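This is a walk through one structure, taken one region at a time. Please keep the sequence and the three-dimensional view at hand while reading.

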Amino acid sequence: MQDTEKIRIIAEMMDLDEEELSPDMILDDIDEYDSFFKLYLVTWVKKEQKRRLTVAEIQAFKTVQDILDYIG
């Protein structure tokens with residue numbers, strides 16, 4: 001999966017336009033990076049990638065690129 005597709009998925013989860021996200025953005029600076037998004041991401045990873053996303057892994061995410069790398 002290419003980064004543009006992953007950005008589209010993340011933007012959709014955050015209810016943002018793709019153009020509003022870039023890989024170098026700090027997650028804590030994004031208002032939509034909240035507990036609802038994290039729950040959505042955990043659910044998406046479990047359903048689409050058949051993996052479990054742990055709390056420690058979520059806490060390690062600092063930038064959008066970290067999520068892109070994780071969902072590979």
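A good place to begin is Glu 5, which counts as partly exposed because its relative accessibility is 32%. What is shown here is a predicted model, and every value in the paragraphs that follow is to be read with that in mind.

Glu 5 has a charged partner in Arg 8, and the salt bridge between them has its closest N and O atoms 2.5 Å apart. The two residues are separated by about one helical turn, because they stand 3 residues apart in helix α1. Arg 8 itself counts as partly exposed, since its relative accessibility is 30%, a value that lies between the limits of 20% for buried and 50% for exposed. Arg 8 also takes part in a second contact, for its side chain meets that of Glu 12 in a salt bridge with an N to O distance of 3.2 Å. Here the spacing along helix α1 is 4 residues, so that Glu 12 and Arg 8 are again separated by about one helical turn. Through these shared partners, the salt bridges join Glu 5, Arg 8 and Glu 12 into one network.

How many salt bridges does a search of the whole structure find? The search finds 3, and one of them has yet to be described. In that salt bridge the side chains of Lys 6 and Asp 3 meet, with 3.2 Å from N to O. Both residues lie in helix α1, where they are 3 residues apart, about one turn of the helix. Are these two partners buried or exposed? Lys 6 is buried because its relative accessible area is 5%, whereas Asp 3 counts as partly exposed, at 35% relative accessibility. As a general matter, side chains of opposite charge can pair when their charged atoms come close.

From helix α1, which spans residues 3-14, the chain passes into the loop that leads to α2, residues 35-49. Asp 15 has its place in this loop, and its phi is near 60 degrees, a positive value in a residue other than glycine. Most residues other than glycine have a negative phi. Asp 15 is exposed, because its relative accessible area is 70%. On the surface, Asp 15 gathers with Asp 17, Glu 18, Glu 19 and Glu 20 in a patch of negative charge. Glu 20 also has its place in the loop between α1 and α2, but it is partly exposed, with a relative accessible area of 42%.

Further along the loop between α1 and α2 lies Ile 30, and the setting of this residue can be contrasted with that of the charged patch. Ile 30 counts as buried because its relative accessibility is 6%, under the limit of 20%. Ile 30 and Phe 61 are 31 residues apart in sequence, and the distance between them in space is 13 Å, C-alpha to C-alpha.

The aromatic side chains can be taken next, and a search of the whole structure finds 3 aromatic pairs. In one of these pairs, Tyr 33 and Phe 37 are tilted against each other, with 5.6 Å from centre to centre and 50 degrees between the planes. Tyr 33 counts as buried because its relative accessibility is 11%, and Phe 37 also counts as buried, at 1% relative accessibility. Another pair is formed by Phe 61 and Tyr 70, which are arranged edge-to-face, with 5.7 Å from centre to centre and 65 degrees between the planes. Phe 61 counts as buried, since its relative accessibility is 8%, and Tyr 70 likewise counts as buried, at 15% relative accessibility.

One more backbone feature remains to be pointed out, and it concerns Lys 50, which lies in the loop between α2 and α3, the latter spanning residues 55-60. Lys 50 has a positive phi of about 55 degrees, although it is not a glycine. Lys 50 counts as exposed because its relative accessibility is 71%, over the limit of 50%.

Note on methods: Residues numbered from 1 in each chain as written. Predicted model: local features only at pLDDT ≥ 70, side-chain atom pairs only at ≥ 80, totals over all residues. Heavy atoms only, no water. Patch = residues over 30% accessible without salt bridge, like charges linked within 9 Å, V, L, I, M, F, W, Y side chains within 5 Å. Areas by Shrake-Rupley, 256 points an atom, 1.4 Å probe, with all protein chains shown as cover. Salt bridge = Lys/Arg side-chain N within 4 Å of Asp/Glu carboxyl O. Lys, Arg positive; Asp, Glu negative; His and termini not counted. Charge placed at Lys NZ, Arg CZ, Asp CG, Glu CD. Buried < 20%, exposed > 50% of the residue type's maximum accessible area, 1.4 Å probe, protein only. Phe/Tyr/Trp six-rings, centres within 6.5 Å; stacked < 30°, edge-to-face > 60°.
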